[in-house]
Amino acid sequence: MRNSILTFILFFYFSCFSQPAINKNYNFKKVRSIEVLPINDFKDIVGSGKMVETSLDYNFLKYYFELSEKKNKKSILIDNSSNQILLLSCIITNYTESESIIIPYRDENRGYTETIVNQSREEDKKSNKKEFLASSTTKTHAGNIVQGSRIEYSQSRISLIFTLKDKSSGKIVWSKSSWYNGLDLQKTINMCLKESVNEIRKILK
Amino acid sequence: MKKIIILALFTFIYAQENDFLLKASLALKAGLYNDALKHISDSKKQENTNSEIYKIEGLIHEALDDRKNAIIAWKNCFKYSDNKELKKECKIHLKNLSIE
């Protein structure tokens, strides 16, 4: 039991997640603030950008960041004694409010192999010798798949790409993509942003 | 006679399973997540190694803000799935749910 838990944890940590790309030479400790650039709508879905923007504010506030909005410019205040300013941009690469998912529910019988081994001992009356006789029969049962009912539901899906750029030099210093799916659109957006905001929090620590 | 009884029993169990999933689908469409969860739990009594069922269970628990049970469902989904994409999805959900 302990081994299986340990294997799961190790697999979990060493598997390929969408890790952020980071400029290791950049000093994130000297960041004064992060200016959040307006998020454009995804294709023709009016309001999608605003929805992500509002959810982004919520997530930053949840992680105890200080937010300010002056003349339609939104900023995350980090450290007044520092001088570097970062620009945060977010691109919505997928915004599916509702997609229908149908899962056929099937019962699969993978079959089995049956081997019968017969052993017998015979005595030759003339030579008085004992002989062992062995024979085996193997039967393969193919199994079958029974197509049953199906379960149907609709889910939301969202994909985002975040980029942090240094305002003065124009260098891109951090980038991350993330996606999430769920039954509820608002929760799906929140969960998708939660991970990215958490990553930003980690680099600013 | 025995064969007829066995056949009737199998038909009954199989029909029950289908019925649970149909009810779960209808409840999901109506947004009645608690009811859907109940029907899914009933269907799992017959077959509890279907990763897709655990995926839906995980999604419902997330929608209901039940983080603890969502983690259990996604772990089971990962355990029983042979699908690479689904396993990746499980990992993404488990990672996000582990963030405080």
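Here are a few friendly notes on this predicted model, starting with chain A and ending with a helix of chain B.

1. Let's begin with the overall layout of chain A. Its secondary structure amounts to 3 helices and 9 strands. Read from the N terminus, the order of elements is α-β-β-α-β-β-β-β-β-β-β-α. Of the 205 residues in chain A, 21% are classed as buried. Among its contacts with a separation of 6 or more, 72% join residues that are 24 or more positions apart.

2. The largest nonpolar core is a good place to look next. This core holds 26 residues, and the ones with the most contacts inside it are Ile34(A), Leu88(A), Ile92(A), Ile158(A) and Cys192(A). At least two core residues come from each of β2 (31-36), α2 (48-62), β5 (84-109), β8 (144-166), β9 (172-182) and α3 (185-204) of chain A. The largest share, 6 residues, is supplied by α3(A).

3. Leu88(A) deserves a closer look, as one of the residues with the most contacts inside that core. Leaving aside residues up to four places away in sequence, Leu88(A) touches Ile34(A), Glu35(A), Val36(A) and Leu37(A), and also Phe162(A) and Leu164(A). A second core, separate from the largest one, has 23 residues. Its members include Leu183(A) from chain A, along with Phe20(B), Tyr54(B) and Cys90(B) from chain B.

4. Is strand β3 of chain A largely in the open or largely buried? This strand covers residues 66-70, and of its 5 residues the number buried is 0, so β3(A) lies largely in the open. Its partner is strand β4 (residues 73-77) of chain A, and the two pair in the antiparallel sense over 5 bridges. Within this pairing, Glu66(A) sits opposite Leu77(A) of β4(A). The hairpin has 2 residues between the strands, and Lys71(A) adopts a positive phi near 45°.

5. Finally, a check on helix α4 of chain B, which runs over residues 67-80. At 1.5 Å a residue, its 14 residues should span 20 Å, and the end C-alpha atoms are indeed 20 Å apart, so the expected and actual spans agree. Which residues of α4(B) are buried? They are Ala70(B), Ala73(B), Trp74(B), Asn76(B), Cys77(B) and Phe78(B). An α-helix has 3.6 residues a turn, so residues three or four places apart point the same way. The cover over the buried residues of α4(B) includes α3 (51-63) and α5 (84-98) of chain B.

Definitions and conventions: Residues are numbered from 1 along each chain as its sequence is written. Chains are lettered from A and ligands numbered from 1 in the order in which they are written. This is a predicted model: local features need pLDDT of at least 70, side-chain atom pairs count only at pLDDT 80 or more; totals for chains, interfaces and linings use all residues. Helices (H or I, at least four residues) and strands (E, at least two) are DSSP runs, numbered from the N terminus. The expected span of a helix is 1.5 Å times one less than its number of residues. A residue is buried if 20 or more other C-beta atoms lie within 10 Å of its own, exposed if 12 or fewer, and partly exposed in between; C-beta atoms are placed from the backbone. Two residues are in contact if their C-beta atoms, placed from the backbone, lie within 7 Å. A nonpolar core is a set of buried Ala, Val, Leu, Ile, Met, Phe, Trp, Tyr and Cys residues joined through C-beta atoms within 7 Å. Two strands pair if DSSP finds at least two bridges between them.
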